[in-house]
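Open the structure in your viewer and keep the selection tool ready. This tour goes stop by stop.

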Amino acid sequence: MSLTSLLRMRLSSRCSTNQILHIRALSGADAVNALRPFYFAVHPDFFGQHPREREVNENSLKRLNGYLESLQKPGFRSVKPTNLTFYLRDIREKTEDNNDVLHSGFRSVTFTLQAKDVLCAVVDVLKFCSLSVEHIQGLLTARTQSQNTAQQDGIPFYRPIKWDKTYYSFTGFRDPEQELEQAKKLETTLSLWLRNNEPEATKKQKASVPRRAELKRLKTELIEKLGLLDIRWQRKWGVAHRCCQMQSLSRLSLQNPEAMPNLRGHTIVFTDQSGMNASGHVMLGTMDVHHQWTTLFERMPSYSRLLQQTEWLKDRISFLLGGIQVIHMEHVDLVLPLEDHYSTLNTFHKRLLPHRLALHPRSLQGLTMIIENDRSSASLHEMGHFIIPTMCDPVYLQNFLQSHAQEARRRLHRKEQLEAEEDDVVSSCVQGLSLRSLSKEPSVSSRQMIPCCRRLLEERSPYMQGLHLCISHFYSVMQDGDLCVPWDWKS
């Protein structure tokens, strides 16, 4: 064979291979654009009133992004299959033929992602979520044409080299196919995970003991000094991070003592923004400077007046709607500014006033409702509270409340039973397993927590003794040694 023919063959092969690889490759920016409809359906910002679903989406998005990043790394061999669960916003109502759509206006989707390249992964995500792939049809068409062209030119379609098993035995490299099969078969169990991670958790927890003691001292000192009811945190920040926040507040109290009396009788919450939330708690943004905190403290009298007006609106709405109580979920609305809450109540109140609803003043007493701006229709939550859109028609609202009142009382009673049962089983776990503490993420419901704790008591793993345990959705070891275990762990 002549040198010219050999060079021509190599050049042709290189060009064809580059073309195929170009079609296979999808940049991070392209992936984000292709997944735009998906992000619009699952973005946590749209689930502000649903803490459990919001956290599930946040965690699943992190895992999805990590999966896509791994596929884009040069020279990657294989990526383990990843199980993902998302809640997708959906305006359809729940029907007998549509059982996956929840009352709260969204549906859950669970799937396993095991694509070998970014484009396939993007297409799989969209299809699993029943979303259109028309906007990336051009890329799919280009891939098909490239495959056909390569085959017509006598060039085999690009695929990873499949080595004989003896190659991996001789070289010591890992067999990607074998790893993939093991990943499919192997499912993490609680006992195995605890055995592997207990030493690390114990080491971190021992190292965090002085910080935990310092945090407790600072909290007690500031509560007494400033006359606070409590100090809380929106997120599960590490102990060291919390200590820094407490020290910042302590320094500010020394630098600007004249503004501190306005905090007396309030609860402080360290969160993402400064202001007052719907519960009347003082929010301190962790990214704000001391000047912004001082300005907030000086404005406390005006916030207190707005809080009084908000409570008056709640009482008026309750009077017009048969004694039903207007509430908000505190663990959700830590970031709901008081101004926004007042505006929502005021708009709803103005819609009720012109109508003389035929409701007995105490006919709905004992029931609760949440008013939301982003709701399209009224619904009854599984925990027994009504979720009412701000622009709900008053006549329709009256009929809806009256027709669902009995079911609401039944669900509220069941909720109280579950909460009492949860308290009992958590106490039994702490004592029976010799735990330092047992907590859960806000997104874990009582229905999930109760059977989880009972199974923990049956398992009685010695690796949990003396540790802080948190029931979540995924396995993890926190920086201070807290162990996070999914509520649906496998034995």
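In which strand does T267 lie? Select T267 and look: T267 lies in strand β4, which covers residues 267–271. Keep in mind from here on that this is a predicted model.

**Stop 1: T267 and its surroundings**

Is T267 buried or exposed? T267 is buried, because its relative accessibility is 5% and the cut-off for buried is under 20%. Now show what surrounds T267. Leaving out residues up to four places away in sequence, T267 touches L229, D230, R232, H281 and V282.

**Stop 2: D272, in the loop after β4**

Move along the chain to D272. D272 sits in the loop between β4 and β5, the latter being residues 275–276. At 37% relative accessibility, D272 is partly exposed. Select its partners next. With residues up to four places away in sequence set aside, D272 touches Q234, R235, W237 and G285. Then draw a distance line from D272 to D288. These two are 16 residues apart along the chain, and their C-alpha atoms are separated by 8.6 Å.

**Stop 3: Q245 in helix α10**

Which helix holds Q245? Q245 is in α10, residues 239–255. Q245 is buried, because its relative accessibility is 5%, and buried means under 20%. Which residues does Q245 contact, beyond its neighbours within four places in sequence? They are W233, W237, F270, T286 and W293. W237 may look familiar: D272 touches W237 too.

**Stop 4: where α10 meets α11**

Stay with α10 and add α11, residues 290–298. The two axes come within 11 Å of each other and cross at roughly 65°. The crossing of α10 past α11 is right-handed. Colour the residues that make the contact. From α10, pick Q245, S248, L249, R251, L252 and Q255. From α11, pick H290, W293, T294 and F297. By class, this contact has four nonpolar, five polar and one charged residues.

**Stop 5: an aromatic pair**

Turn to the rings. How many aromatic pairs are counted? The count comes to nine. A pair of aromatic rings is described by the distance of the centres and the angle of the planes. Select F111 and F128 to see one such pair. Their ring centres are 4.8 Å apart, with 10° between the planes. The pair counts as stacked, because planes under 30 degrees apart fall in that class.

Now zoom out to see where the two partners sit. F111 is in strand β2, residues 106–113. F128 is in helix α5, residues 118–128. The pair links distant parts of the chain, with the two positions 17 residues apart in sequence. Is each partner buried or exposed? F111 is buried, with a relative accessible area of 4%. F128 is partly exposed, with a relative accessible area of 40%.

Add F38, Y39 and F86 to the selection. Ring pairs link these three with F111 and F128 into a cluster.

**Stop 6: along α14 and beyond**

Go to A420, in helix α14. A420 is partly exposed, with a relative accessible area of 39%. Draw a line from A420 to S446. They are 26 residues apart in sequence, and 9.6 Å separates them in space, C-alpha to C-alpha.

Next, select S434. Where is S434 found? S434 is in the loop between α14 (394–432) and β11 (437–440). S434 is not a glycine, yet its phi is positive, at about 55°. S434 is partly exposed, with a relative accessible area of 40%.

One more backbone stop: R460. R460 lies in the loop between α15 (446–459) and β12 (468–472). Its phi is near 45°, a positive value in a residue other than glycine. R460 counts as partly exposed, at 49% relative accessibility.

**Last stop: the whole view**

Clear the selection and show everything. The protein has 15 helices and 14 strands. Of its 491 residues, 42% are buried. Take the contacts between residues at least 6 apart in sequence: 67% of them join residues at least 24 apart. Finally, switch on the surface. The accessible surface comes to about 27,000 Å². Carbon and sulfur atoms hold 51% of that surface.

How values were computed. Residues numbered from 1 in each chain as written. Predicted model: local features only at pLDDT ≥ 70, side-chain atom pairs only at ≥ 80, totals over all residues. Heavy atoms only, no water. Helix = DSSP H or I, 4+ residues; strand = E, 2+ residues; numbered from the N terminus. Buried < 20%, exposed > 50% of the residue type's maximum accessible area, 1.4 Å probe, protein only. Contact = heavy atoms within 4.5 Å. Areas by Shrake-Rupley, 256 points an atom, 1.4 Å probe, with all protein chains shown as cover. Axes fitted to C-alpha atoms, helices over the stretch in contact; angles between N-to-C directions. Left-handed = near helix turned anticlockwise from the far one by under 90°. Nonpolar A, V, L, I, M, F, W, Y, C, P; charged D, E, K, R; others polar. Phe/Tyr/Trp six-rings, centres within 6.5 Å; stacked < 30°, edge-to-face > 60°.
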